[in-house]
Amino acid sequence: MNISKRINKIPPYLFFEISKKIKKAQAEGRDIVDFGIGDPDIPTPEFIVDSLIEESKNPINHRYPDSDGMPALREAIASWYDRRFNVKLDPSTEVISLIGAKEGVGHAAFAFLDPGDIALVPDPHYPVYSRGTWFAGADCHFMPLLEANNFLPDLSSIPKDIINKSKVMWLNYPNNPTGAVADEHFYNEAIEFGINNDIIILHDAAYSEITFDGYKAPSILEFPNAKDISIEFHSLSKAYNMTGWRVGSVVGNKDLISALTTIKSNLDSGLPQAIQHMGIAALNSDDSVVSENIEIYKTRRDRLISALELFGLEVSSPKAGLYLWIKVPSDHDSSSFTEFLLEKLDIVVTPGNGFGDSGEGYIRISLTTPDSDIEKAIERLESVNLNI
Ligand SMILES: *Cc1c(COP(=O)(O)O)cnc(C)c1O
């Protein structure tokens, strides 16, 4: 039997590999604290779950959904964008739902890339940008996100011959895994770059609602001419503790949305309608749930940063997102330090190089770990000091 070349080309999914390691350690009876994947530990708010219970009883929701989402969900997404960003969208042509942002991010490659095309992909990055590109038979040109440039790609350093073959550029701010945010200047520069070079901008805003210290993240669609060349992916997973329900969206340029809809309608039948109602309930709420979550993550962020600094690491405090992006001690690399934390302290983190070569020298700690586990990890960190 021979499986496809495209499968053999793809490295194993990072978190799948990490979860195998965790299971093995747990089977040995070790009490693992998991700072790996970003997956909110806080339950989905009750009013959102209630809408599922209610709607699941209605036979109208027992049949095939449309793959692009019910009009009521698309309208809820459009009004949320208007309220939150003052961005006006036509729910019938500029908005579709996704089976989680991950599904749309993966399928986008099939809508916009042909074999031989190039996708400009940040490095480090959410792995689906490169995996989707490779599945579609296209190639990635990685744009290093360096601390010296505030983890923004340097668009002026991309070689001309690469630009000529590039069809899309992925951007993701607030950024996973670095925790960086992008300012108005960068968004305007990226949009101009996209327009001048005929490169579609795919902006992943999965973390736009998780922000700290008074910072508010923009939508790329707030900036002039963005809708000419870009679409923005969004997700209810992180802001509303809904990773298990798979509700995402993509909005923006109608021709790009229509191309993605063609792929989706041929491959999937959309989100179960009762779950779409959960999305509507979340988006039409007063967002107090989101503010409560932010308070929890902020406390965890500050608590962990002080403990990690005492432990001997340098950690900068992110303005957004669910992650601490931390430089490993100078006598370690990403893998050896990840291994050290697992073997010595039973603590799981994600090695930075798992997100791309430029992530080498970092680890990522997720803030979606229960407080009691965080305290346990802090006690373990206090039992060791890197500087001694
Ligand atoms: C978590 C995450 C997503 C996926 O969100 P889902 O809606 O749960 O699929 C997309 N992009 C980034 C950068 C993420 O970290």
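**Group meeting: the ligand site and some unusual backbone spots**

Okay, let's start at the ligand, with Lys 238: a polar atom of the Lys 238 side chain sits 3.2 Å from a ligand oxygen. Before I go on, keep in mind that what you see on the screen is a predicted model.

So what else do ligand oxygens meet? Over at Arg 246, an N or O atom of the side chain is 2.7 Å from an oxygen atom of the ligand. Then there's Lys 102, and here it's the backbone: a polar backbone atom of Lys 102 is 2.8 Å from a ligand oxygen. How much of the ligand does the protein bury? On its own the ligand would expose 390 Å², and 94% of that is buried by the protein.

Now the neighbours. There are 14 residues around the ligand, and the ones that come nearest are Asp 204, Tyr 207, Ser 235, Ser 237 and Lys 238. Yes, that's Lys 238 again, the one with the 3.2 Å side-chain pair. If you sort the shell by character, you get five nonpolar residues, five polar ones and four charged ones.

Okay, leaving the ligand, on to the backbone. Where are the cis peptide bonds I want to show you? One joins Asp 123 and Pro 124, with omega at about 5°. Pro 124 is in the loop that runs between β3 (118-123) and α6 (128-135). Another cis bond goes from Tyr 173 to Pro 174, and there omega is near -10°. For Pro 174, look in the loop between β5 (166-171) and α8 (184-197).

Next, positive phi in residues that aren't glycine. Phe 151 is one of them, with phi near 60°. You'll find Phe 151 in the loop between β4 (139-144) and α7 (160-165). Buried or exposed, that Phe 151? Its relative accessible area is 11%, so Phe 151 counts as buried, the cut-off being under 20%.

Asn 241 also has a positive phi, about 55°, and it's not a glycine either. Asn 241 belongs to the loop between β7 (230-235) and β8 (247-252). And accessibility? Asn 241 comes out at 5%, so Asn 241 is buried as well.

If you want to click through this yourselves, begin with the side chains of Lys 238 and Arg 246, then the backbone of Lys 102. After that, jump to the cis bonds at Pro 124 and Pro 174, and finish on Phe 151 and Asn 241. That's me done, thanks.

Key. Residues are numbered from 1 along each chain as its sequence is written. This is a predicted model: local features need pLDDT of at least 70, side-chain atom pairs count only at pLDDT 80 or more; totals for chains, interfaces and linings use all residues. Side-chain values use heavy atoms; hydrogens and water are left out. A residue is near a molecule or strand if one of its heavy atoms lies within 4 Å of it. A polar contact is a pair of N or O atoms within 3.5 Å; within protein, one must be able to donate a hydrogen and the other to accept it, and residues adjacent in sequence count only if both atoms are side-chain atoms. Accessible areas come from the Shrake-Rupley method with a 1.4 Å probe; for residues, only the protein chains shown count as cover. Ala, Val, Leu, Ile, Met, Phe, Trp, Tyr, Cys and Pro count as nonpolar, Asp, Glu, Lys and Arg as charged, and the others, Gly among them, as polar. Helices (H or I, at least four residues) and strands (E, at least two) are DSSP runs, numbered from the N terminus. Buried means under 20% relative accessible area, exposed over 50%, partly exposed in between (1.4 Å probe, protein chains only).
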